[in-house]
Structure formats: C-alpha cells, structure tokens
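Here is a small set of exercises to work through with the model open in your viewer. Try each task yourself before you read its solution.

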Amino acid sequence: MACNKLYIASLNSGSNGNCYYVGNDDEAILIDAGISCRETEKRMLRLGLSLTKVKAIFISHEHTDHIKGLCTLSAKYNLPVYITPGTLAGCRFLLRKDLIRTLYSNVPVTVGDLAIIGFPKLHDAAEPHSFMISCKGTNVGVFTDIGAACEQLIHHFKQCHAAFLETNYDDALLAKSAYPYFLKRRISGGHGHLSNQQALDVFTAHRPSFMSHLLLAHLSKDNNCPDLVHKLFTQHSNGTEIIVASRHEETAVYAISEPITAHSF
C-alpha cells in the first residue's frame with residue numbers, strides 16, 4: 001500500500017533568512033521562520049500552498065536568520081512553536097506563552113500524520129537541532145547550519161527519501177575571500193557551516209538508493225556559487241534530483257514518496 005506523499009519546498013535559504021515547508025495533503029509544518037510573515041505568505045501563495053494547513057513551527061536555533069518572522073507568523077496564525085529551552089532563552093523577543101511547546105531531543109512530536117524528530121547538531125548556538133519529518137514511511141530531513149557531520153546526522157540521512165543539506169561554502173572561495181581570519185575559522189571550524197566537499201562526502205558515502213531529491217541549502221552569498229555546487233553534486237547524483245535552494249526566492253514544490261517495491265507471492 002502506497003503511503004501519503006510529502007510535499008516540500010524551501011521558501012528561502014541563506015544567511016538572509018531560512019524557512020522550509022514540509023507537509024502532506026492535510027497538514028504541514030515549517031522548519032524555522034527566518035523571513036517576514038508577509039514574505040512567507042507571498043511565497044506560499046505563489047506556490048499554491050495554504051497557511052491554513054500549517055499546524056506548527058519548529059525552530060532549529062536562535063540565530064536571527066531562523067527566527068526573524070517567528071513572532072508575527074506564530075501570533076497571526078495561532079501556530080504552536082516547538083523550541084528547546086536553551087534556544088528560547090537565546091531569543092531576543094517574547095513569544096506568546098500559550099504557543100510555546102518544549103522540544104526535547106530525539107523525542108517525536110506528532111502533528112496529524114506527521115512525526116517530527118529533532119536531534120542535536122554541531123553549530124555555535126545554544127541548543128541547535130536538525131529535523132527528520134516522517135509520514136507513513138516517507139522521510140524528509142532538514143540538515144543545515146552544521147559544523148560537521150556527526151553520527152546522528154549520518155544515521156538520519158541514510159533514511160531520507162529527500163533532504164535539505166547545507167552546502168554553505170566552497171573551500172577555495174572561502175580561503176581567498178575578504179572575510180577576516182576569525183570569521184573564516186568560525187565558518188569552517190567544526191561548529192559553523194558545512195562546506196560543499198563535506199556535504200558531498202555525506203551524500204556520496206551515505207545516500208540511500210531511494211533518495212529522490214536533494215536540496216542544497218544555506219549557500220553563502222560570498223563564498224559559494226549555485227552553478228558550481230549544482231555541477232559538483234550532479235556528477236555524483238546517481239538518479240537523485242539535485243536542486244539548489246535560493247537565498248532570494250522560493251523553490252518549486254516537490255512531491256516525495258516512498259518507492260513502491262515489487263513483491264513476489
């Protein structure tokens with residue numbers, strides 16, 4: 001029996017704002033709310049996605065590009081916000097108390113037929129988390145703002161039918177950029193961001209055969225190039241569709257489903 005499809009889209013991805021949509025036919029969630037409420041509404045409308053289907057927002061960490069539109073969006077649509085205590089303490093605003101839900105590491109949250117698991121990641125924030133969203137056997141991962149690929153990331157990546165995976169910077173472009181040394185170290189020092197090569201290593205070593213889509217996310221404006229990273233991954237795609245998530249606009253909506261396997265009787 002075929003499972004429900006998951007529909008995914010990046011509404012924006014980059015240091016200027018991050019917001020990712022994952023849902024089925026009946027309900028959806030947003031991972032992060034780093035663009036304004038108005039811009040979120042505009043982009044979802046252009047994609048034919050309804051905010052009435054969105055039932056919750058999950059926050060990965062407290063950096064501004066992940067929470068900028070959170071208060072307004074959450075309050076306007078009465079959306080519960082799943083957030084760890086450390087991340088909440090690091091936010092410089094007050095969410096409505098009745099909308100706050102505590103997010104616990106590796107404890108599933110159920111939203112209709114969606115099951116969402118947050119797990120720790122390596123990033124320079126209070127309690128940063130990545131997410132796996134599942135619906136009746138179909139799995140989508142949201143893996144951005146990662147300094148290095150830890151065991152938990154690899155464990156979840158191996159189960160993904162689709163994933164948002166950070167490809168923040170190209171090593172050569174970062175090395176010759178005008179960024180000060182301390183900032184280059186922050187980006188590449190193990191608790192910053194994932195390079196193109198680090199992400200490619202995850203993909204080539206741990207890509208499951210059933211992964212249909214990979215969205216390359218959180219590209220640096222100055223230290224990466226969409227064409228460069230798309231070409232790099234396409235050479236190793238083995239049938240997985242490679243999409244670069246833009247820092248300026250939404251992607252298309254992609255339908256993700258568990259492959260139907262043949263059974264002999």
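## Exercise 1: Helix α3 and its surroundings

L70, L73 and S74 are the buried residues of helix α3. Buried means under 20% relative accessible area, exposed means over 50%, and partly exposed lies in between (1.4 Å probe, protein chains only). Before we go on, note that this is a predicted model, in which local features need pLDDT of at least 70, side-chain atom pairs count only at pLDDT 80 or more, and totals for chains, interfaces and linings use all residues. Residues are numbered from 1 along each chain as its sequence is written, and side-chain values use heavy atoms, with hydrogens and water left out.

**Task.** Work out where the buried residues of α3 sit around the axis, and what they pack against.

**Solution.**
1. The three cover an arc of only 95 degrees around the axis, which puts them on the same side of α3. The arc is that of the directions from the helix axis to the C-beta atoms.
2. The buried residues of α3 pack against β3, α1, β4, α2 (64-67) and β5. Helices (H or I, at least four residues) and strands (E, at least two) are DSSP runs, numbered from the N terminus.
3. As a whole, α3 (residues 70-77) lies across β3, β4 and β5 (81-83), at about 155 degrees to β4. Contact here means heavy atoms within 4.5 Å; axes are lines fitted to C-alpha atoms, for helices over the stretch in contact, and angles run from 0 to 180 degrees between N-to-C directions.
4. After α3 comes N78, with a positive phi near 50 degrees.

## Exercise 2: The sheet beneath α3 and α1

**Task.** Find the strand order of the sheet that contains β1 and β14, and say which strands stand at its edges.

**Solution.**
1. The order is β6-β5-β4-β3-β2-β1-β14: seven strands in an open sheet with mixed pairing. Two strands pair if DSSP finds at least two bridges between them.
2. β6 (100-102) and β14 are the edge strands; each has a single partner strand, so one side of each is left without a neighbour in the sheet.
3. From one strand to the next, the twist averages 25 degrees.
4. For a detailed look, take β1 (residues 6-12) and β2 (residues 19-23), which pair in the antiparallel sense over five bridges. Here S10 has Y20 of β2 as its bridge partner.
5. Helix α1 lies across β1, β2, β3 (28-31) and β4 (54-58), running at about 135 degrees to β1.

## Exercise 3: The other sheet

**Task.** Trace the sheet that runs from β7 to β13, then give the handedness of the crossover from β12 to β13.

**Solution.**
1. Seven strands line up as β7-β8-β9-β10-β11-β12-β13 in an open sheet, again with mixed pairing.
2. The edges are β7 (109-111) and β13 (241-244), each with a single partner strand, so one side of each lacks a neighbour in the sheet.
3. The twist averages 20 degrees from one strand to the next.
4. Strands β10 (residues 138-143) and β11 (residues 162-166) run parallel and are joined by four bridges. G141 has A163 in β11 as its bridge partner.
5. Helix α9 (residues 226-234) packs on the sheet, touching β12 (213-217) and β13, and its direction makes about 165 degrees with that of β13.
6. β12 and β13 also pair in the parallel sense, over four bridges, and L216 has V244 of β13 as its bridge partner.
7. The chain crosses from β12 through α9 to β13, a right-handed β-α-β crossover. Right-handed means that, with the strands pointing away from the viewer, the path from the first strand over the helix to the second runs clockwise.

## Exercise 4: Salt bridges

**Task.** How many salt bridges does the structure hold, and which parts of the chain does the pair E250 and R46 link?

**Solution.**
1. The structure holds six salt bridges, each a side-chain nitrogen of Lys or Arg within 4 Å of a carboxyl oxygen of Asp or Glu.
2. One of them joins E250 and R46 (2.8 Å, N to O). E250 is in the loop between β13 and β14 (254-256) and R46 in helix α1, 204 residues apart. E250 counts as buried at 16% relative accessibility, whereas R46 is exposed at 53%.
3. Another joins E39 and R43 (3.1 Å, N to O). Both lie in α1 (residues 37-47), four residues apart, about one turn of the helix.
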